[in-house]
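Work through the exercises below with the sequence and the structure open side by side, and try each task before you read its solution.

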Amino acid sequence: MAAATEAGTDDPEPRRGFWSRDFGLFFTARAVAKLGDTMLPVALAAGLLLHGYGAGAVGLAMASSVACFASLVIFGGVVADRVSTRLLMIGADAVRLVTQTLAAVMFFTGHVVLWQLCVIGALNGAAAALFQPGVASTVPRLARDVQGANGAIRVAESVMSLAGPAAAGMLVAFVSPGGVFAAHAATYGLSALCLVLLRLPPAAPRTATGKGGAAFRRDLVEGWREFRSRTWLWGVIAIWGLFMLAVSGPAVPLVAADVVQEHGPRAYGLVNSALGAGTVVGGLLALRARPRRMLRAGAFAVLGFGLFPGTVGAGLGVPAMCAGAAVAGAGMSFWGVMWATSVQTQVRPEVLNRIHAYDVAGSLAMMPVGQALAGPAAGLLGTDVVLVSGGLLTLVVGALLLGVPAIRNLERAEDRPVAGSPVPAPGSSAATTPGRR
């Protein structure tokens, strides 16, 4: 009975619990992987600079992974909807275990070649593109309370985001950059082990579309059709593109440069720590709050992000910047849980991986553009003007989210039972009706 319920059949009881042996394994896999991923930038920067490369080489090594991920994740969503997501994620972790072990060997032996690191980064990005879509469909298959599960994972990832850079710095100081890569490889090994031990309930049955390139293209087109048929879904992604382009993208490099120049690296560390602490608080809030209209509540939370660039651009003191960063982190973390839960509970299970892939690709698309335009915009208008404008534009983004009826009025899945039927379980086919689009 439990297995059938978690697989997505109708459940007359509210889905409120989320902790179980199998969810604990998935939770651990996500947490340790996040720890390793936040260690990597420190290892790359320290290792490449130590071997005579400049900042441009560090950026190129990092960009190789992001570019490959962004270009392949949509195709990864199609693959994830056609094969076992658990096996796909295990395979992706195994690939990254090997690649990061090779990188560790390169740094331990002193044979550090930039193009080889870029190839490793591209392979890691391709593996991540196969791994990430399956995350969306795994959570509702494991957890009775999808929102609670997303909140718990968000808290764990936030804690690991705080611990990762500090752990990487210690390893670089007392071992070498190769030690960080070895530790990173170990996190993928542990993640893969957790997924090997994981027992997933059966996935929702899916109509076979055949094999070969034509069937793959049909699946790709079907995913796009499902994506664009939901106004609340593509509406959020379109608005989020504006947010990444004009607010979040420029804020990341400009806040770093402004705070370091005006207050020193220690102050920037404090601001970053406050941002991370805020994401923990936002995740904890998302564990408790149960808004009926999740995206409406999340949109109000997004408004808090404006304090991150706004306090820095206004030239306020370090305590005020830390407070603004904490509020921003909490708001974005709360929004993240509301958004992830909405997608996972409103979309049919058989297309969820593809929808999530379009979501990830669309969310990332404008980030590098915003980062690239940050420097020219700051040179033309001034850093402070760009940052304050970003804070004000956050209000515009929030207003746009609240201004679209399909986004503002979307009700949580378990609050909208089909007439004459029991409450549909989140993630079930019954949880997505034409009225939800």
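The exercises that follow concern a predicted model, and each is solved step by step.

**Exercise 1.** Find how many helices and how many strands the chain has, and what share of its residues is buried.

*Solution.* Begin with the secondary structure: the chain holds 17 helices and zero strands. Then turn to burial, where 51% of the 437 residues count as buried. Finally, look at the surface that remains accessible, which comes to about 17800 Å², with 70% of this area belonging to carbon and sulfur atoms.

**Exercise 2.** Describe the spans 355-374 and 386-407, starting from the UniProt record.

*Solution.* First, consult the unreviewed UniProt entry, which lists both spans under "transmembrane region", along with others including residues 57-80 and 181-198. Next, examine residues 355-374, which are 95% helix and 0% strand, with end C-alpha atoms 30 Å apart. Last, examine residues 386-407, where the chain is likewise 95% helix and 0% strand, while the end C-alpha atoms lie 28 Å apart.

**Exercise 3.** Determine which residues make the nonpolar surface patch, and decide whether W115 is buried or exposed.

*Solution.* Start with the members of the patch: V95, W115, V119 and L123 together make a nonpolar patch of about 390 Å². Then ask which helix gives the most to the patch; this is helix α5, residues 114-142, which supplies three residues. W115 lies in this helix, α5. To settle the last point, recall that exposed means over 50% relative accessible area; W115 has 57% relative accessibility, and therefore it counts as exposed.

Methods: Residues numbered from 1 in each chain as written. Predicted model: local features only at pLDDT ≥ 70, side-chain atom pairs only at ≥ 80, totals over all residues. Heavy atoms only, no water. UniProt positions renumbered as here; feature names shortened; annotations may be inferred. Helix = DSSP H or I, 4+ residues; strand = E, 2+ residues; numbered from the N terminus. Patch = residues over 30% accessible without salt bridge, like charges linked within 9 Å, V, L, I, M, F, W, Y side chains within 5 Å. Areas by Shrake-Rupley, 256 points an atom, 1.4 Å probe, with all protein chains shown as cover. Salt bridge = Lys/Arg side-chain N within 4 Å of Asp/Glu carboxyl O. Buried < 20%, exposed > 50% of the residue type's maximum accessible area, 1.4 Å probe, protein only.
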